[in-house]
Amino acid sequence: MDLRAAVKAIRDKQYAPVYVLYGEENFLKEEFIAFARSEMIGKDYADFNLSEYDCQEQALPDILQDAETFPFMAERRLVVADNAYFLSGAKPTGTIKHEVDPQVLAQYLDNPPPFSTIMFTVGADKLDERKKIVKTLQQKAVMISFAPLKDQELYAWVERRAKKYKTFIEREDAARLVARCGSELRLLDRELEKLALYVGPEATITEQAIELLASRTLEHDVFALVEAVVSGRLAEAFRILYDHMKTGEEPIKLMALFARQVRLLLSVKMWAPRGYSQQQLAGMLKVHPFAVKKAMEQARHFDESALRKLLAICAEEDFRMKSGQVDKQLAVELFITKVAQLKQNPLRT
C-alpha cells in the first residue's frame with residue numbers, strides 16, 4: 001500500500017491488524033509509527049497499550065501473545081516488532097536464541113484479534129518473496145515500502161517539511177539544501193528546523209540562509225574545494241582541506257572523494273556535448289541534478305585529457321598512501337596543486 005493511502009486509512013480509523021514496514025528510510029518509518037500510535041491509542045493510556053519488541057531478542061509467540069492481550073482503558077493495543085529479520089533474506093545480527101516458526105504467525109493472521117495492531121519493521125529494502133509467510137502477509141497484511149527519497153520526491157518532501165516549521169522554501173533552494181547536506185531525512189529535518197528559527201515564521205528560507213547556516217557534508221566540501229581550485233582560490237581550498245584534517249578526517253577517504261568528483265567531471269565532459277540534459281545526466285550518474293549543474297560549470301575548466309590524467313594521479317596516490325610510500329596529508333596537498341596546474345586558462349574555454 002502507498003504510504004499516503006495508509007495514513008488516510010488510519011485517519012479514517014480503518015486500522016489493519018498487521019502492518020509490515022520495510023525499507024531503508026527509517027525516519028519516515030518512525031514518523032509513521034508515531035502517527036499510528038497517536039491515532040490508535042492516544043496519549044492518556046499509551047504507556048499501557050503500546051509494546052515494543054526486538055524480534056532478534058524476543059520470541060515471536062511471546063509477541064503475538066501480547067497482541068492478544070485486551071487493551072487497558074482504551075479501544076486498541078499497538079505492538080511494534082522491530083528487526084523482523086525472518087521476513088527478509090538478510091542474516092540476523094547478534095545471537096538469536098530462538099527459532100521462528102512461520103506457522104505461528106500464519107495462524108495468528110487467520111484470526112487476528114479485532115482490538116490489536118502489530119507493526120513489523122524490516123530494515124531490508126525488499127522482502128524475501130520466496131518465503132511462504134511473506135506471501136501470506138502480502139495477502140493479509142498492509143505492506144508499506146519506505147525506500148529512500150530521491151530527486152523531485154525528495155525536494156517536495158523538503159518543501160512540505162519547511163511548511164511544518166511555518167516557513168517556505170523554493171524548489172531550487174530545496175535542491176541546494178539537499179546537495180549541501182545530503183539526502184538523509186533526519187539530518188535535513190534538523191537543518192530545516194534550524195533555518196526556520198533563523199528566518200522566522202512565514203518567511204522564506206533563501207540561498208543566503210542556506211549558505212550561512214546549513215551544515216556541510218564532507219562530500220559537499222570536496223565539491224567546494226574543487227570549485228575553489230578551478231576558480232583560482234587556492235588559499236580557500238587549503239583552508240577547507242586543513243579544517244577537515246583538524247577534525248581527524250582520513251586523507252585516504254578524501255582522496256577517494258576527489259576521485260569520485262573527477263569521475264563526475266569526466267562523465268559530464270563526455271556526455272553533455274551529446275545533448276543530454278542535466279536531469280538525464282543526473283539519472284545516468286545517480287546524483288542530484290544540482291550536482292550535475294555544478295559539475296558542468298567546473299568541467300569547463302578542464303579538457304578531457306586533463307581529467308583522465310587526474311584520475312590516474314588519484315589511483316597512483318591512493319596506492320602510495322595505502323602502501324606507506326608517501327605521507328598521506330602531503331599526497332592530498334600535492335594532488336590539489338596538480339589540479340590547479342592542469343586547470344585550463346578560463347579565457348580559452
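Begin by selecting Lys43, which lies in the loop between helix 2 and helix 3 (46-49). The model on display is predicted. Lys43 counts as exposed because its relative accessibility is 79%. Keep Lys43 selected and add Asp82, which is 39 residues away along the chain. A distance drawn between the two C-alpha atoms should read 22 Å.

**Two backbone positions with positive phi**

Select Asn83 next, in the loop between strand 3 (77-82) and helix 5 (102-110). Asn83 is not a glycine, yet its phi is positive, at about 55 degrees. Is Asn83 buried, partly exposed or exposed? Its relative accessibility is 34%, so Asn83 counts as partly exposed.

Move on to Lys166, in the loop between helix 7 (151-164) and strand 6 (168-169). Lys166 also is not a glycine, and it has a positive phi of about 60 degrees. With a relative accessibility of 53%, above the 50% cut-off, Lys166 counts as exposed.

**The largest pocket**

Turn now to the largest pocket, which holds about 1200 Å³ of space. Which residues should be selected to find its centre? Ala179, Glu219, His220, Phe223 and Ala291 are the closest to the centre, out of 45 residues that line this pocket. To display the surrounding framework, colour helix 8 (171-181), helix 10 (207-213), helix 11 (218-230), helix 12 (234-246), helix 13 (251-271), helix 14 (278-285) and helix 15 (289-299), each of which gives two or more residues to the lining of the largest pocket. Helix 11 gives the most, with eight residues. Colouring the lining of the largest pocket by residue class should show 16 nonpolar, nine polar and 20 charged residues.

**The second largest pocket**

The second largest pocket has a volume of about 760 Å³. Select Leu3, Arg4, Val7, Leu28 and Arg160 to centre the view, as these are the closest to the pocket centre among the 23 residues that line it. Helix 1 (3-11), helix 2 (26-40), strand 5 (142-145) and helix 7 each give two or more residues to the lining of the second largest pocket. Which element gives the most to this lining? Helix 7 does, with six residues. By class, the lining of the second largest pocket comprises 12 nonpolar, two polar and nine charged residues.

**Aromatic rings**

The structure holds 10 aromatic pairs. Select Phe258 and Phe335 to inspect one of them: the ring centres are 5.2 Å apart and the planes stand at 40 degrees, so this pair is tilted. Phe258 belongs to helix 13 and Phe335 to helix 17 (residues 328-342), and the pair links distant parts of the chain, 77 residues apart. Are these two rings on buried or exposed residues? Phe258 has a relative accessibility of 2% and counts as buried; Phe335 is likewise buried, with a relative accessible area of 2%.

For a cluster of rings, select Tyr19, Phe32 and Phe146, which are linked by ring pairs. Then select Trp271 together with Arg274: Arg274 lies over the face of Trp271, at 4.5 Å from the ring centre.

**The enclosed cavity**

Return to Phe258 and Phe335, both of which line the largest cavity. The cavity holds about 50 Å³ of space. The count of cavities of 30 Å³ or more comes to one. To show the lining of the largest cavity in full, add Val226, Val262, Leu265, Phe302, Leu307, Leu310 and Val339 to the selection. Helix 13, helix 16 and helix 17 each supply at least two of the lining residues, and helix 13 gives the most, with three. What is the class make-up of this lining? The lining of the largest cavity has nine nonpolar residues, with no polar and no charged ones.

**A buried glutamate**

End the tour at Glu317, in helix 16 (residues 304-322). Its relative accessibility is 2%, so Glu317 counts as buried. Which residues is Glu317 in contact with, leaving aside its neighbours within four places in sequence? Select Met255, Val326, Ala331 and Lys338 to display these contacts of Glu317.

Key: Residues are numbered from 1 along each chain as its sequence is written. This is a predicted model: local features need pLDDT of at least 70, side-chain atom pairs count only at pLDDT 80 or more; totals for chains, interfaces and linings use all residues. Side-chain values use heavy atoms; hydrogens and water are left out. Helices (H or I, at least four residues) and strands (E, at least two) are DSSP runs, numbered from the N terminus. Buried means under 20% relative accessible area, exposed over 50%, partly exposed in between (1.4 Å probe, protein chains only). On a 1 Å grid over the protein atoms alone, a cavity is a set of points where a 1.4 Å probe fits but cannot get out, and a pocket is an open set with protein on both sides within 12 Å along at least five of seven lines; lining residues have an atom within 4 Å of a point. Grid points are joined across faces, edges and corners, and a volume is the space filled by probe spheres set on the points. Ala, Val, Leu, Ile, Met, Phe, Trp, Tyr, Cys and Pro count as nonpolar, Asp, Glu, Lys and Arg as charged, and the others, Gly among them, as polar. Rings of Phe, Tyr and Trp (its six-membered ring) pair if their centres lie within 6.5 Å; planes under 30 degrees apart count as stacked, over 60 as edge-to-face and the rest as tilted. A charge sits over a ring if NZ of Lys or CZ of Arg is within 6 Å of the ring centre and within 35 degrees of the ring normal. Contact means heavy atoms within 4.5 Å.
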